[in-house]
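Here's a quick tour of a protein with its ligand, written with a modeller's eye in mind. Have a look at the sequence and structure, then read on.

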Amino acid sequence: MSYALRHNPQKYGISLDKYGYTNLDGFIVAMNRVHHFSPALTKEKINMVIANSNKKRFAIKGNKICALYGHSIPGIIKHQVAVPPAVLFHGTARRFMPSIKEVGLLPMQRQFVHLSTDVATARAVGMRHDSNPVILQIDTVAARKAGVNFYIGNNQVWLCDELPSQFFKEIQ
Ligand code: HQG
């Protein structure tokens with residue numbers, strides 16, 4: 001679902017509106033056509049996936065579904081500039097640090113840099129890349145003063161544009 005709704009709707013023959021939504025019935029037909037799920041994917045199953053996930057990745061509105069964040073497709077308008085907590089965290093791999101120190105945090109394959117509201121979440125995110133991740137603490141107050149925009153992703157995820165290295169420090 002993330003792949004179809006964030007990165008490659010064309011593969012499924014579906015299109016996203018500028019807010020990232022697509023028709024839910026069409027989405028289900030397309031997912032079943034491409035993946036031959038058995039038993040077939042249903043609306044009930046999708047509701048279960050959303051309800052049982054620890055992260056709020058998708059939203060359903062009427063007969064439409066979207067991914068809430070994480071898009072690599074340009075032009076999707078999902079996020080409003082907002083004021084984040086004064087401190088946010090980012091967990092990453094030790095091997096990425098030379099580059100991160102030099103050019104700052106970049107969105108890489110995503111639309112935005114992803115930040116966490118607590119160290120434990122940042123560590124879990126970082127562990128996807130490194131069993132002993134680095135935890136960076138971000139001074140969002142200073143970054144905002146310098147013109148960096150922050151956006152709400154979901155309850156645990158904040159997003160921002162690229163973040164120069166003077167706005168974060170390594171805490172672990
Ligand atoms: C690193 C999951 C070298 C960055 C998670 C990260 C998150 C640089 C990696 C969400 C760099 C990109 C996002 C630079 C940044 N040089 N490396 N200048 N700037 N990086 O997976 O933040 O399950 O695209 O530190 O829970 O790890 O998809 O981003 O290590 O919320 O819902 O480049 O993905 O959510 O990796 O994770 P990713 P991320 P979902």
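## Polar contacts to the ligand

Let's start with Lys55: an N or O atom in its side chain sits 2.4 Å from an oxygen atom of the ligand. Keep in mind that this is a predicted model, so treat that distance as computed from predicted coordinates.

His129 also meets an oxygen atom of the ligand, with a polar side-chain atom 2.7 Å away. Leu106 works through its backbone instead: one of its backbone N or O atoms is 2.9 Å from a ligand nitrogen atom. As for burial, the ligand on its own has 790 Å² of accessible area, and the protein covers 87% of that.

## Who's in the shell

There are 19 residues around the ligand, and the ones that come nearest are Lys55, His90, Thr92, Ser99 and His129. Sorted by class, the shell holds five charged, six polar and eight nonpolar residues.

Which element gives the most to the shell? That's H4, with three residues. Helix H4 spans 97-103, and strand S4 (87-92) joins it in supplying at least two residues each.

## Where the ligand sits

The ligand takes up the space of the largest pocket. Why does it lie between two domains? Domain 1 (2-67) and domain 2 (87-170) both contribute residues to the shell, so the ligand ends up between them.

## Backbone oddities to check

Now for some geometry you may want to look at by eye. The peptide bond between Ser38 and Pro39 is cis, with omega at about 0°. Pro39 belongs to the loop that runs between helix H2 (24-35) and helix H3 (43-52).

His36 is found in the loop between H2 and H3 as well. Its phi is positive, at about 50°, even though His36 is not a glycine.

Conventions
Residues are numbered from 1 along each chain as its sequence is written. This is a predicted model: local features need pLDDT of at least 70, side-chain atom pairs count only at pLDDT 80 or more; totals for chains, interfaces and linings use all residues. Side-chain values use heavy atoms; hydrogens and water are left out. A residue is near a molecule or strand if one of its heavy atoms lies within 4 Å of it. A polar contact is a pair of N or O atoms within 3.5 Å; within protein, one must be able to donate a hydrogen and the other to accept it, and residues adjacent in sequence count only if both atoms are side-chain atoms. Accessible areas come from the Shrake-Rupley method with a 1.4 Å probe; for residues, only the protein chains shown count as cover. On a 1 Å grid over the protein atoms alone, a cavity is a set of points where a 1.4 Å probe fits but cannot get out, and a pocket is an open set with protein on both sides within 12 Å along at least five of seven lines; lining residues have an atom within 4 Å of a point. A molecule sits in a cavity or pocket if more than half of its atoms lie within 2 Å of its grid points. Helices (H or I, at least four residues) and strands (E, at least two) are DSSP runs, numbered from the N terminus. Ala, Val, Leu, Ile, Met, Phe, Trp, Tyr, Cys and Pro count as nonpolar, Asp, Glu, Lys and Arg as charged, and the others, Gly among them, as polar. Domain bounds come from an automatic or database domain assignment.
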